[in-house]
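Please look at the sequence and the structure shown below before reading on. The report that follows begins with one strand, then turns to its neighbours, to a pair of helices and to the chain as a whole.

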Amino acid sequence: GDNNQRSNSNSLFRGHKISELKNEAKAILRYLEKDKKSRVDKILLAKLLSTRLIYLGGGGSTELNQTDDSNFSSPSSDRNSKQLRIQTMISNWFSFGLAASKEQNPMLPKLLDSDGKIANPGALEIIEKSKFLRGNSSKHTVIADDCDIDFSSVFVGVDGVESKNDNSKNETLPLCLELGAGSGDWIVSQAQTNRNANYVSVELRADRVAQTFSKSIINSCDCPLVNLCCVGSECVAFLKRIKAGTISKVFVNHPEPPLQTGTFEEADAVDGNEHAHMLNSSTLTAVAGCMKTNGGGELIIVTDNRWYAKLISKTLLKVMRERKVSLISKDLNASELHQGERFQNVNGDIVQVYVGQPCEAIGHRRPSSFQGNGVSYFDRLWRTGAGSHAEVRDRFIIVMVTQNKS
């Protein structure tokens, strides 16, 4: 009965978790077996931590008890850019290893008071050379003076990885986001396969942010992935810190569905009555605002849950009907995909769901080791037989593109 099914499911999940831990341990051992000269030294690691990891707030296993624990991921008129840079750097210092990479004692005196003001300027001197803390007098500042994230500074060349001649190219590559990136398997493989784009992973849980950053260092074949930045934040709060019209692609892979209750008509209700899930109206509106216009931006959603694909489609139609976004469904012609359900609102806007396997046609690059069964945590989980609402093979895919202005 239900108890046996639950017991079998729990057993599968436990076995899968153990297998994942073994794989991570093997990756660490392979890294340690490398010649010492080919490993990332502490100086380079400090540079990467100062630009390729941005923690704006969230949750998980990382404790930030040395800092002001208010939610500084939300834009606030009483917080200037320098305070935001300090808050972010403190997270890296105490929680993500920046202190160790600089061979400094992480237990610094409290830097900020309860209002977010600098309480100990002397202690701040230890970390103030980071690019986060350089104001408008510096050419490269990760957090700009208007508190937006300046990705041209995030992806500036790092000495020891690229030659200086490649720096300008690296800063201007297409920018791709993954929302809800989990522990980073998919986006690390994408950044490694496609060096002609910059990737940003966005994840709420701090422990998963740290896992993704570690994989960008340890799992890379030749050198650290300098075309990957790991962000810890709630999605909408992060998207509000991106300049409008700058993102080429936004990927969402296997987002967590809400509880499967109620009717799909609830997606047409006001925002407060929507299902509790990441891809609600607010998120979709914020995503559309960040993407390049006139066909230059794409939103690519992949789920294994037919019910959730329908809910996402209905939510997209809602924001399209209310003219909060200007998106159209992209026509796809690939052997791996076929047309599934098609949805339409009263204005004639359409969302087409495709069924099949993620492929190059939707921007999913295949690593050289690809064996036709996926590279993510979820792909490996499916192969164990776990998942009650998941399709074992089929994925439900939605691709929306920014509309050309007439």
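## An enclosed strand

In this predicted model, strand β6, which covers residues 298-303, is largely enclosed by the rest of the structure, because six of its six residues are buried. To count as buried, a residue must have under 20% relative accessible area. In a regular strand the side chains alternate between the two faces of the sheet. In β6, Glu298, Ile300 and Val302 point one way, while Leu299, Ile301 and Thr303 point the other way, and all of them are buried.

Strand β6 is joined to two other strands, and the table sets out these pairings side by side.

| Strand paired with β6 | Residues | Bridges | Direction | A pair of partners |
|---|---|---|---|---|
| β5 | 249-253 | five bridges | parallel | Val252 and Ile301 |
| β10 | 395-402 | six bridges | antiparallel | Phe396 and Thr303 |

The residues of β6 named in the table can be placed on the strand as well: Ile301 and Thr303 point the same way from β6, together with Leu299. Ile301 stands opposite Val252 of β5, whereas Thr303 has Phe396 of β10 as its bridge partner.

## Two crossing helices

How do helix α11 and helix α12 cross, right-handed or left-handed? The crossing of α11 and α12 is right-handed, and the axes of α11 (residues 281-290) and α12 (residues 306-321) come within 10 Å and cross at roughly 65°. On the side of α11, the contact is made by Ser281, Leu284 and Thr285, and on the side of α12 by Thr315, Leu316, Lys318 and Val319. Sorted by class, the residues of this contact are three nonpolar, three polar and one charged.

## A partly exposed residue

Gln211 lies in helix α9, which covers residues 206-218. Its relative accessible area is 24%, so Gln211 counts as partly exposed rather than buried, a term kept for values under 20%. Although Gln211 and Asp185 are 26 residues apart in sequence, their C-alpha atoms are 9.3 Å apart in space.

## The chain as a whole

The protein chain has 13 helices and 10 strands, and of its 406 residues 50% count as buried. Among the contacts in the chain with a separation of 6 or more, 73% are between residues 24 or more positions apart. The chain exposes about 19,400 Å², and carbon and sulfur atoms supply 48% of this area.

Key:
Residues are numbered from 1 along each chain as its sequence is written. This is a predicted model: local features need pLDDT of at least 70, side-chain atom pairs count only at pLDDT 80 or more; totals for chains, interfaces and linings use all residues. Side-chain values use heavy atoms; hydrogens and water are left out. Helices (H or I, at least four residues) and strands (E, at least two) are DSSP runs, numbered from the N terminus. Buried means under 20% relative accessible area, exposed over 50%, partly exposed in between (1.4 Å probe, protein chains only). Contact means heavy atoms within 4.5 Å. Accessible areas come from the Shrake-Rupley method with a 1.4 Å probe; for residues, only the protein chains shown count as cover. Axes are lines fitted to C-alpha atoms, for helices over the stretch in contact, and angles run from 0 to 180 degrees between N-to-C directions. A crossing is left-handed if the near helix is turned anticlockwise from the far one by less than a right angle, and right-handed if clockwise. Ala, Val, Leu, Ile, Met, Phe, Trp, Tyr, Cys and Pro count as nonpolar, Asp, Glu, Lys and Arg as charged, and the others, Gly among them, as polar. Two strands pair if DSSP finds at least two bridges between them.
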